[in-house]
Amino acid sequence: ITDIVLPQMDGITLLRHVRNQNPDVPVIVVTGYGSMGTAVDALKLGAQDYILKPFEDQERLLNSVWTAVAQYRLMIRNRALQEQLKESEETFRALFNNDNDAIFLHGLSTEGEIGRTTETNDIACKRLGYGRDELLGMSLLDLTAPEMSAETSRMMKNLLTWDSIVFETFLVTKTGGRVPVEISATVFTLRGS
């Protein structure tokens, strides 16, 4: 809480300084000499509230302070949750990209049709010779050896019934080479679908 009139500087200058140091700290500006222009300046700079003295409505001042405190606590809690989410994503990325198995995530329609790859790991790119962007535009059937496509498609449709399958097939590298693979596929819900 700051007044507009201060011994060393005015409240608007202090508000600018606080915003530069910590933009998330709520600031309430109070004054007995305020003008509409000063109020607008303070609010544009991010002041939580602008209250005129004398405090004829003390409840407004208290509500303003409690609202500022509540919003600051919520911001701190959200920041902590964002940090936890970031750490979780970093852990996932490290595990996902450092696995020795090629991993592909892709959709499966309600009819058992295989969708395009939505995520893949570094080892998949390395073993098949494709860049990540290239693999993200392909489905498992695009990578499967032509003579194995029908069997691969049939096996993937079984996922609708079994939720998890393991089978062997051949994938084709970018240069046309064949790689024997064991596919272990599992159905799970990601991002609600």
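Patches are made of residues with over 30% relative accessible area and no salt bridge, where like charges are joined within 9 Å and nonpolar side chains (Val, Leu, Ile, Met, Phe, Trp, Tyr) within 5 Å. This is a predicted model, in which local features need pLDDT of at least 70 and side-chain atom pairs count only at pLDDT 80 or more, while totals for chains, interfaces and linings use all residues. Residues are numbered from 1 along each chain as its sequence is written, and side-chain values use heavy atoms, with hydrogens and water left out.

**Exercise 1.** Find the residues that form a patch of negative charge on the surface, and place E83.

Solution. Start with the signs: Asp and Glu count as negative, Lys and Arg as positive, and His and the chain ends are not counted. The place of a charge is NZ of Lys, CZ of Arg, CG of Asp or CD of Glu. The patch then consists of E83, E87, E89 and E90. Next, E83 lies in helix α3, residues 58-97 (helices are DSSP runs of H or I with at least four residues, strands runs of E with at least two, numbered from the N terminus). Finally, E83 counts as partly exposed because its relative accessibility is 40% (buried is under 20%, exposed over 50%, partly exposed in between, with a 1.4 Å probe and protein chains only).

**Exercise 2.** Work out which parts of the chain the salt bridge between D24 and R79 links.

Solution. Recall the cut-off: a side-chain nitrogen of Lys or Arg lies within 4 Å of a carboxyl oxygen of Asp or Glu. D24 and R79 meet at 1.9 Å, N to O. This pair joins distant parts of the chain, 55 residues apart: D24 sits in the loop between α1 (11-21) and β2 (28-31), R79 in helix α3. Now check exposure: D24 is partly exposed at 31%, and R79 is also partly exposed, at 42%.

**Exercise 3.** Take the pair E119 and R132: is E119 buried or exposed?

Solution. First, the closest N and O atoms of this salt bridge are 3.6 Å apart. E119 belongs to strand β5 and R132 to helix α5 (residues 132-136), 13 residues apart. With a relative accessible area of 16%, E119 is buried, whereas R132 is partly exposed at 27%. To finish, widen the view: R93, E119, D122 and R132 are linked in a network of salt bridges.

**Exercise 4.** List the contacts of T173 beyond its neighbours within four places in sequence.

Solution. Locate T173 in the loop between β6 (164-172) and β7 (178-186). Its contacts (heavy atoms within 4.5 Å) are R127, L128, Y130 and V179.

Technical notes:
Accessible areas come from the Shrake-Rupley method with a 1.4 Å probe; for residues, only the protein chains shown count as cover.
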